[in-house]
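Work through these exercises with the structure open beside you. Try each task before reading its solution.

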Amino acid sequence: MHEENNNKRKLFIDSTGSEKRNYTGDEDSERDFRPVRQSHEYRSGCLGGLMYFVFIVCVSVILACVSWMAASDMLALNKEKFSAVVSLPMDIFTSETVDKYDEDGNKTGTRRVTHADIDYVAQELKESGLIEYKWLFLFYCNLSNAANKVDPGEYELQSSFDYRALIKNMQAGSGATKTIKVTIPEGFSMHQIFTRLEENNVCSYDELIDAAANYNYNYSFLDGIPMGDASRLEGFLFPDTYEFYVGMQASSAINKFLENFHYKLTADMIKAMNNMGLDIRSVVNIASLIEKEAANDDERRTIASVIYNRLGSYAPLGIDASILYLHPDHEGAPTGTMLEEDSPYNTRIYQGLPPTPIANPGLPSIYAVLNPEKTNYYYYALDEEAGAHRFFAHSAEFNEFVATQSYGQN
C-alpha cells in the first residue's frame, strides 16, 4: 500500500528551475488544477514592451508633426494671406570675376558673379513673417545655390510664396521687384548720374562704371568708340525721368539712357550733322559744352557760334566747365591751380574740343549745335546782375566787361 502511493508521486519543475513534488492522492487532487503564479520577471518584460511601443508611437507622432510643420512652411500651406516688403541692400552682396567656358571646356572670357549674404536674407524673411523656420530655409538655399540667384533691391512678397517662389521673386525684373523713378537733369555728368543711381539703390556706382567701360551696347552711334574706358558713354546718357527696378543690373540701367538717346536722334538731325561734316560724338561734345555754359535756352545758339568761331580760328576755347570736368566734387569757379593743369580738358591751354563730352546734354543744346547763329563773336562772359551772358567780338571789350564783375577780381 505504501509502495503504491509512492508510485503515484510525480516530479515537476517550476518556473524557477527547482524540483517540486506533486502528490496525486485524493486529498491533493484539487491542488493539481490550481494555476501556477507568474513570476516578477515576466510581469516586468510585458510592461517594458508596452512602454517601448508607446515611446515609438510618440516619436513617430512628433516626427510626423515636425515634418508637417516643415513641409507647411516650405510649401506655404495654410498661411494667412498678407504681403511684406523685403529690402536686400547692395552691401550684403559680394562680387567676383570668374572664367566662362564653352561646352568643350575652352575658356571664352570672364563674367561677374554676385553672392548674397543668405543668412541676412533668411533673417529678413523670418522677421517679415514670410518664413517660420530660418534653419530650414537656409538648408534649402544651400541645396539650391540661392545665394547666387537673388539680387539687390526691394521686393513685395506674398505669404503664399513657397521657398522656391521666394527665391525666384527676389530677382531683378521679377513681378515682385519694386520700382523707383529717378530724374536726371540736363548737364549731369556720368559721374553725377551714376552717383544718383547708387543713392536711389538702382545699382552700385562701381558696377555702373564697369558696365559703361566693358559691356557691348549695340548702337550705331557708339561705332568706332573703343571699349575699356567708361567715358566712352559720356554724352550719350540722355537726361530724362526714368523708372528703374531697385537693384537692377547695371548694364540694363545704362541701356535705358542709350535707348532713349537712340530714339531722340532723328533722321533730320543725322542729315544736318552729315551736311556740317560732323560725327555724332563731336555733336554731343559741343552740345555738352553749351549745356554747361548756357544760362538759358535763348543763348545756346549764340554760344554755339562762339565755339565754332574759335574752332575755326584755331584759338583755344577757354571754357572753364571743361577744366572742372576732372574735379567733379569741386564747387564754384576753378582755382588758379586748376587753370594751370596740363590736361587735355584744359581748354585754356589746348586747342580744339576736349577728348570726351563733359556732360550729357538735352535736345535744346543738340539743336543749337546743328543750328548755330551766324555771328562774329569770339568771347562771352556772365553778367552777374542780369544772370545771362554778354557776347563780344574783341578781347579788349571782353576784358573791360570782366573787370566790372566780381569773378574778374579773383
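**Exercise 1: the whole chain**

Task: find what share of the contacts with a separation of 6 or more joins residues 24 or more positions apart.

Solution. The share is 56% of those contacts in the chain. Keep in mind that this is a predicted model. Next, take the inventory: the chain has 15 helices and 10 strands. Then turn to burial. Of the 410 residues, 37% count as buried. Last comes the surface. The accessible surface is about 24,100 Å². Carbon and sulfur atoms hold 50% of that surface.

**Exercise 2: two packed helices**

Task: describe how α9 and α14 pack, and say which residues make the contact.

Solution. Two numbers are needed. Packed helices are described by the angle between their axes and by the distance between those axes. Start with the angle: helix α9 (residues 267-275) and helix α14 (residues 363-370) meet at about 40°. Their axes lie 10 Å apart. Now the hand: the crossing of α9 and α14 is left-handed. Next, list the partners. From α9 come Met269, Ala272 and Met273. From α14 come Leu363, Ile366, Tyr367 and Leu370. Finally, sort them by class. The contact of α9 with α14 has 7 nonpolar residues, and no polar or charged ones.

**Exercise 3: the two sides of a helix**

Task: which residues of helix α15 are buried, and how are they arranged around its axis?

Solution. Locate helix α15 at residues 395-402. Its buried residues are Phe398, Phe401 and Val402. Look down the axis of α15: these buried residues fall within an arc of 100°, so they line one face of the helix. The general rule helps here. An α-helix has 3.6 residues a turn, so residues three or four places apart point the same way. Now find the cover. The buried residues of α15 are covered by elements including β9 (379-383) and β10 (388-392). Then check the face turned away from the buried side. That face of α15 carries the exposed residues Ala396 and Glu400.

**Exercise 4: buried or exposed?**

Task: place Asn285 and His191, and say whether each is buried, partly exposed or exposed.

Solution. Take Asn285 first. Asn285 sits in helix α10 (residues 280-293). Its relative accessibility is 5%. Buried means under 20%, so Asn285 counts as buried. Beyond its neighbours up to four places away in sequence, Asn285 touches Leu353, Pro354, Pro355, Thr356 and Pro357. Pick out Thr356. Asn285 and Thr356 are 71 residues apart in sequence, yet their C-alpha atoms are 6.3 Å apart.

Now His191. His191 belongs to helix α6 (residues 190-199). Its relative accessible area is 26%, so His191 is partly exposed. Leaving aside neighbours within four places in sequence, His191 contacts Tyr205, Pro328 and Asp329. Tyr205 is 14 residues from His191 along the chain. The C-alpha atoms of the two are separated by 8.5 Å.

**Exercise 5: positive phi**

Task: state the phi of Asn201 and of Tyr314, then find where each residue lies.

Solution. Recall the background. Most residues other than glycine have a negative phi. Asn201 has a positive phi, near 60°. Tyr314 also has a positive phi, of about 60°. Now find their places. Asn201 lies in the loop between α6 and α7 (205-214). Tyr314 lies in the loop between α11 (300-312) and α12 (320-324). Finish with accessibility. Asn201 is partly exposed, with a relative accessible area of 40%. Tyr314 is exposed, at 61%.

Note on methods
Residues are numbered from 1 along each chain as its sequence is written. This is a predicted model: local features need pLDDT of at least 70, side-chain atom pairs count only at pLDDT 80 or more; totals for chains, interfaces and linings use all residues. Side-chain values use heavy atoms; hydrogens and water are left out. Axes are lines fitted to C-alpha atoms, for helices over the stretch in contact, and angles run from 0 to 180 degrees between N-to-C directions. Helices (H or I, at least four residues) and strands (E, at least two) are DSSP runs, numbered from the N terminus. A crossing is left-handed if the near helix is turned anticlockwise from the far one by less than a right angle, and right-handed if clockwise. Contact means heavy atoms within 4.5 Å. Ala, Val, Leu, Ile, Met, Phe, Trp, Tyr, Cys and Pro count as nonpolar, Asp, Glu, Lys and Arg as charged, and the others, Gly among them, as polar. Buried means under 20% relative accessible area, exposed over 50%, partly exposed in between (1.4 Å probe, protein chains only). The arc is that of the directions from the helix axis to the C-beta atoms. Accessible areas come from the Shrake-Rupley method with a 1.4 Å probe; for residues, only the protein chains shown count as cover.
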